[in-house]
Each structure stands twice: as structure tokens, then as C-alpha cells.
Amino acid sequence: MFMKKKNIYLGLLSVIVLFFAAGCLTTSPVVPAANTTFAAAAVDATAPFPGFKIYDDAVFEYNEKGQLVREVFSITKGTADLVTNIYEYNNDGIVIKKSVYNSKHNLDDYEIYELDSQGRRVKENEYRQDGSLKNYKTYEYKDDTIIKRFFDPKGNLYRYTIKKMDKAGNLIGDYDYRK
């Protein structure tokens with residue numbers, strides 16, 4: 001019994017050390033430098049099945065609080081076409097902004113989130129890089145239901161989703177309606 005626990009603890013310790021050594025924790029969101037290249041480290045392009053190559057990959061980085069601060073996606077057949085999302089948080093640890101950068105590390109667009117007194121997202125404004133409104137979304141919370149409405153910049157509703165939750169807060173239904 002002691003040897004099993006010892007092996008588990010050593011395994012966990014090894015993972016933690018490798019995690020820190022790989023630099024997976026960042027202290028703040030940082031826009032990637034122009035000469036930065038990203039790859040899914042430690043992923044064999046043909047693994048796990050012979051004859052297959054990686055199509056898309058993603059790398060995730062977290063800050064010292066365990067919050068997601070950066071996502072890097074290779075979005076086209078494993079090429080260098082990358083999208084990088086940078087997240088910012090308020091003092092309560094809730095995401096308030098997401099910035100999206102293209103493969104040339106230029107800002108494509110960004111989203112700013114408005115919260116209610118309970119810290120729930122009630123509005124999401126998406127802006128183009130020039131600051132003009134691209135679209136916005138609103139959230140309505142009713143008992144076990146979340147209604148998310150999608151609007152164009154002129155305020156025209158073009159889509160909405162309804163998420164149903166059980167008493168424990170687990171998602172039990174997800175419905176998407178479009179014109």
C-alpha cells in the first residue's frame with residue numbers, strides 16, 4: 001500500500017515539476033511577440049494512430065491563480081495559421097475581456113463583458129480592431145434557463161440559444177435558433 005501511494009505522489013510531483021519547467025504558468029496575459037512560434041509541444045504529429053497527421057491543435061496557458069490567460073489555436077490543417085485569444089479578469093476573478101489576435105499578431109477583434117451583481121455575464125460586446133461594434137449578445141437568467149440573444153450592430157436579433165440546467169446546475173439541454 002505504501003509503495004502505491006509513493007508512486008502516485010512521485011508521479012504527481014513529476015507532472016508538477018514538468019508543468020513549471022515547461023513554463024505553462026504565466027503571471028499576466030501577454031500579446032505574443034511577432035517572432036513567436038507555437039506548436040503543440042510533446043505531441044507527435046502522427047500519434048496516436050499511424051497514417052494520421054495532426055489537423056488542428058491548441059495550447060492553453062494559465063496564470064498563477066489557475067485562470068486561462070491565453071489560448072493558441074492552429075486552425076487550418078496543422079499549418080502556421082494561428083489564432084491567439086488573450087483573457088483579462090476583474091478583481092473577483094471573472095473574465096471581463098477577450099482579445100483575439102491573428103497569425104501576424106495583430107488584433108482582429110475583442111469582446112468586453114458586462115456583469116450583473118452576481119458576477120454573471122449579462123452583455124457581451126464584440127468590437128472590430130478599429131473599435132467599431134461588430135455585434136453584441138445579451139444573457140437572461142430564469143430559474144434553470146439561460147437565454148443568450150445575438151444582435152447585429154443595428155440591434156437586429158439574428159440568433160438565440162437556450163440552455164436548460166438541472167437542479168445541480170448541470171447542462172441538460174442546449175438549443176440553437178437562427179433565422
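Patches are made of residues with over 30% relative accessible area and no salt bridge, with like charges joined within 9 Å and nonpolar side chains (Val, Leu, Ile, Met, Phe, Trp, Tyr) within 5 Å; a salt bridge is a side-chain nitrogen of Lys or Arg within 4 Å of a carboxyl oxygen of Asp or Glu. The model examined here is predicted, so local features need pLDDT of at least 70 and side-chain atom pairs count only at pLDDT 80 or more, while totals for chains, interfaces and linings use all residues. Residues are numbered from 1 along each chain as its sequence is written, and side-chain values use heavy atoms, leaving out hydrogens and water.

A good place to begin is the surface. There, L157, Y160, Y175 and Y177 form a nonpolar patch with about 350 Å² of accessible area together (Shrake-Rupley method, 1.4 Å probe). At least two of the patch residues come from each of β10 and β11. These strands (DSSP runs of E, at least two residues, numbered from the N terminus) span residues 157–165 and 171–178 and pair in the antiparallel sense over seven bridges, where pairing requires at least two bridges found by DSSP. Within β10, Y160 stands opposite Y177 of β11. With a relative accessible area of 32%, Y160 is partly exposed, that is, between buried (under 20%) and exposed (over 50%). Five residues lie between the strands of this hairpin, in which G169 takes a positive phi near 90°.

S99 offers another view. This residue belongs to strand β5 (residues 95–101) and counts as buried at 5% relative accessibility. Beyond its neighbours within four places in sequence, S99 is in contact (heavy atoms within 4.5 Å) with T84, N85, I86, E88, L107, D109 and Y110.

Conventions:
Helices (H or I, at least four residues) and strands (E, at least two) are DSSP runs, numbered from the N terminus. Buried means under 20% relative accessible area, exposed over 50%, partly exposed in between (1.4 Å probe, protein chains only).
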